[in-house]
Amino acid sequence: MDTLILYKLIILYMLDRVNDYPLTNSQITSFLQDHGYTGLFNIHESLSELIDKGFITVNTVRDIQHYTITDSGEEALYYFENRISKSIKQEILEFFEQEKIKLKNENETYADYYGNESGDYTVECYIKDRRETLVDLKMTVPTKNLALSICDKWPEKSKAFYEYMISELWD
């Protein structure tokens, strides 16, 4: 089998098995490189071809790409999953088990910002639980530095923010 096809199938399998949230480029790359499957060039070529074929989608937040499998990708995996060895599948599942907390935390909270027409910056902060959005907060701030600061602090402060908001609004 063509090795590039194997890398694509591994990526599809990873995205299919972690269906509660997307995987980032660094998470996919980390698995493939740490297990000695391939280098960066082949990983990027595989991801690019999977996107071009509509098997995965990519969403970029603050220069970090998040990949999700599509229905077409799930269908392709269904037909060709048998080309991935049991040992590779086991390595993927073990990787997810070892990295579960880290993967979950990296995907549950995130924030991004963009400039708006008035010259201010809009900051969007999210808290997700699997595929459900718990918080989707947008705010306008006057400077890029403030927008960056909010985005940087959001993962650390979001849980306390959510708990405070619920307690204040519950009455």
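Here are some worked exercises on the predicted model shown above.

**Exercise 1. Work out the strand order of the sheet that holds β1, β2 and β3, and say which strands stand at its edges.**

Step 1: Start with the order. The three strands run β1-β3-β2 in an open sheet, with antiparallel pairing.

Step 2: Look for strands that pair on one side only. Those are β1 (23-24) and β2 (56-61), the edge strands.

Step 3: Check what packs on this sheet. Helix α3 (residues 40-52) does, touching β2 and β3, and its direction makes about 110° with that of β2.

Step 4: Now go through the pairings. β1 and β3 (residues 64-69) pair over 2 bridges, and threonine 24 has histidine 66 as its bridge partner in β3. β2 and β3 pair over 6 bridges, with threonine 60 standing opposite glutamine 65.

Step 5: Have a look at the turn. The hairpin of β2 and β3 has 2 residues between the strands, and arginine 62 there takes a positive phi near 50°.

**Exercise 2. Do the same for the sheet with β4, β5 and β6, and explain why its edge strands each have a side without a neighbour.**

Step 1: The order here is β4-β5-β6, again an open sheet with antiparallel pairing.

Step 2: β4 (109-115) and β6 (132-141) each have a single partner strand, so one side of each has no neighbour in the sheet.

Step 3: For the twist, ignore direction: neighbouring strands in this sheet are turned by 15° against each other on average.

Step 4: Zoom in on one pairing. β5 (residues 121-129) and β6 pair over 9 bridges, and aspartate 129 stands opposite glutamate 132 of β6.

**Exercise 3. Find which helix gives the largest share of the largest nonpolar core, then list what phenylalanine 31 touches.**

Step 1: Size up the core. The largest one has 29 residues, and those with the most contacts inside it are Ile10, Met14, Leu15, Ile28, Phe31, Leu32 and Ile92.

Step 2: Ask which elements give two or more residues. They are α1 (3-17), α2 (25-34), α3, β3 and α5 (86-108).

Step 3: Pick out the largest share: α1, with 10 residues.

Step 4: Take phenylalanine 31 and skip its neighbours within four places in sequence. What's left is contact with Ile10, Met14, Tyr37, Glu91, Ile92 and Phe95.

Step 5: Don't miss the other core. Apart from the largest one lies a core of 10 residues, among them Cys125, Val135, Val141 and Ile150.

**Exercise 4. Follow the salt bridges made by lysine 8 and arginine 17, and say which parts of the chain each one ties together.**

Step 1: Get the total. There are 5 salt bridges in the model.

Step 2: Begin with lysine 8, whose side chain meets that of glutamate 49 at 2.3 Å, N to O. Lysine 8 is in helix α1 and glutamate 49 in helix α3, so this pair links parts that are 41 residues apart in sequence.

Step 3: Check how accessible the two are. Buried means under 20% relative accessible area, so lysine 8, at 19%, counts as buried. Glutamate 49, at 27%, is partly exposed.

Step 4: Move on to arginine 17, which meets glutamate 81 in a salt bridge at 3.1 Å, N to O. Arginine 17 lies in helix α1 and glutamate 81 in the loop between α4 (71-80) and α5, so the pair ties together parts that are 64 residues apart in sequence. With a relative accessible area of 32%, arginine 17 is partly exposed.

Step 5: See who else binds up with glutamate 81. Lysine 89 does, with the closest N and O atoms 3.3 Å apart, and both lysine 89 and glutamate 81 are buried.

Step 6: Put it together. Asp16, Arg17, Glu81 and Lys89 are joined into one network by salt bridges that share partners.

**Exercise 5. Describe how helices α1 and α4 cross, and name the residues that meet there.**

Step 1: Take the axes. They come within 10 Å and cross at roughly 115°.

Step 2: Settle the hand: the crossing of α1 and α4 is left-handed.

Step 3: List the contacts. From α1 come Leu9, Leu12, Tyr13, Asp16 and Arg17, which meet Gly73, Glu74, Leu77 and Phe80 in α4.

Key: Residues are numbered from 1 along each chain as its sequence is written. This is a predicted model: local features need pLDDT of at least 70, side-chain atom pairs count only at pLDDT 80 or more; totals for chains, interfaces and linings use all residues. Side-chain values use heavy atoms; hydrogens and water are left out. Two strands pair if DSSP finds at least two bridges between them. Helices (H or I, at least four residues) and strands (E, at least two) are DSSP runs, numbered from the N terminus. Contact means heavy atoms within 4.5 Å. Axes are lines fitted to C-alpha atoms, for helices over the stretch in contact, and angles run from 0 to 180 degrees between N-to-C directions. A nonpolar core is a set of buried Ala, Val, Leu, Ile, Met, Phe, Trp, Tyr and Cys residues joined through side-chain atoms within 4.5 Å. Buried means under 20% relative accessible area, exposed over 50%, partly exposed in between (1.4 Å probe, protein chains only). A salt bridge is a side-chain nitrogen of Lys or Arg within 4 Å of a carboxyl oxygen of Asp or Glu. A crossing is left-handed if the near helix is turned anticlockwise from the far one by less than a right angle, and right-handed if clockwise.
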